[in-house]
Amino acid sequence: MIYSDLIAFLPELLLAAAVLIFIVYGAFVGDEATGTVAVAGMAVLLVSVGMLIFNAPATGTYFNDLVAQSPLISYGKIAALIAAGLSMFLALPYLRRAGNKKFEFPLLYLFATLGMMILISAQDLMTLYLGL
């Protein structure tokens, strides 16, 4: 594995690490962590968008042709990140009104966004399956 492969996949790695941290935090705090996890999750999504805009990886394939990067792929990832952040932002008031304050809800959004990002950059059928 080459260092440039990890740099090209850095937004996905950041999102995966943040989700794992949020799972542990939510498990210890409980359902009161819903707002904190949602706000922190939206912040991680914004940081990932910034990483894709200002530190866009070079066009090419990485991880032995398993994932690809190009400006179109970066645009698709940015669109998925913005859509996930916006939908999470719009869903939180409804969840508060409905009394459904489960901390797993923002985590589902973040895991689904991670899967979308892997699907968008998939170059191989096995990577596509991993993104599902």
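Which elements each supply at least two residues of the lining of the largest pocket? In this predicted model, the elements that do so are α2, α5 and α6, the last of these spanning residues 125-131. The pocket itself has a volume of about 220 Å³, and among the 14 residues that line the pocket, F9, I118, T127, L130 and G131 are the closest to its centre. Taken by class, the lining of the largest pocket is made up of 10 nonpolar residues, 3 polar residues and 1 charged residue.

F9, one of the residues closest to the centre of the pocket, also leads to the aromatic pairs, of which the structure holds 2. A pair of aromatic rings is described by the distance of the centres and the angle of the planes. For F9 and F63 the ring centres lie 5.6 Å apart and the planes stand at 80°, which is over the 60 degrees required, and the pair is therefore edge-to-face. This pair links distant parts of the chain, since F9 sits in the loop between α1 (3-8) and α2 (10-29), whereas F63 sits in the loop between β1 (60-62) and β2 (67-69), with the two positions 54 residues apart in sequence numbering. With a relative accessibility of 13%, F9 counts as buried, while F63, with a relative accessible area of 21%, is partly exposed; the boundary between these two classes is set at 20%.

The other pair is formed by F105 and Y109, whose ring centres are 5.0 Å apart and whose planes are at 80°, so that this pair, too, is edge-to-face. Here the partners belong to one element, for F105 and Y109 are 4 residues apart in helix α5 (residues 104-121) and are thus separated by about one helical turn. F105 is partly exposed at 24% relative accessibility, and Y109 is likewise partly exposed, at 22%.

From the pocket and the rings we turn to enclosed space. Rolling a probe the size of a water molecule over the atoms shows where empty space is left. A search of the whole structure finds 1 cavity of 30 Å³ or more, and about 40 Å³ of space lies in the largest cavity. Its lining consists of I7, A8, L10, P11, M51, N55 and P57, with α1 and α2 being the elements that give two or more residues to that lining. By class, the residues around the largest cavity divide into 6 nonpolar and 1 polar, with no charged residue.

P11, a lining residue of the largest cavity, is also a contact of S48, which touches P11, L14 and L81 when its neighbours within four places in sequence are left aside. S48 lies in helix α3 (residues 34-54) and is buried, with a relative accessible area of 0%. Its contact with L81 joins positions that are 33 residues apart in sequence, and the C-alpha atoms of S48 and L81 are 7.7 Å apart in space.

A charged residue completes the path through the model: E12, placed in helix α2, is buried, because its relative accessible area is 2%, and the cut-off for a buried residue is under 20%. Not counting residues up to four places away in sequence, E12 touches K77, L114, M117 and S121.

Note on methods
Residues are numbered from 1 along each chain as its sequence is written. This is a predicted model: local features need pLDDT of at least 70, side-chain atom pairs count only at pLDDT 80 or more; totals for chains, interfaces and linings use all residues. Side-chain values use heavy atoms; hydrogens and water are left out. Rings of Phe, Tyr and Trp (its six-membered ring) pair if their centres lie within 6.5 Å; planes under 30 degrees apart count as stacked, over 60 as edge-to-face and the rest as tilted. Buried means under 20% relative accessible area, exposed over 50%, partly exposed in between (1.4 Å probe, protein chains only). Contact means heavy atoms within 4.5 Å. On a 1 Å grid over the protein atoms alone, a cavity is a set of points where a 1.4 Å probe fits but cannot get out, and a pocket is an open set with protein on both sides within 12 Å along at least five of seven lines; lining residues have an atom within 4 Å of a point. Grid points are joined across faces, edges and corners, and a volume is the space filled by probe spheres set on the points. Ala, Val, Leu, Ile, Met, Phe, Trp, Tyr, Cys and Pro count as nonpolar, Asp, Glu, Lys and Arg as charged, and the others, Gly among them, as polar.
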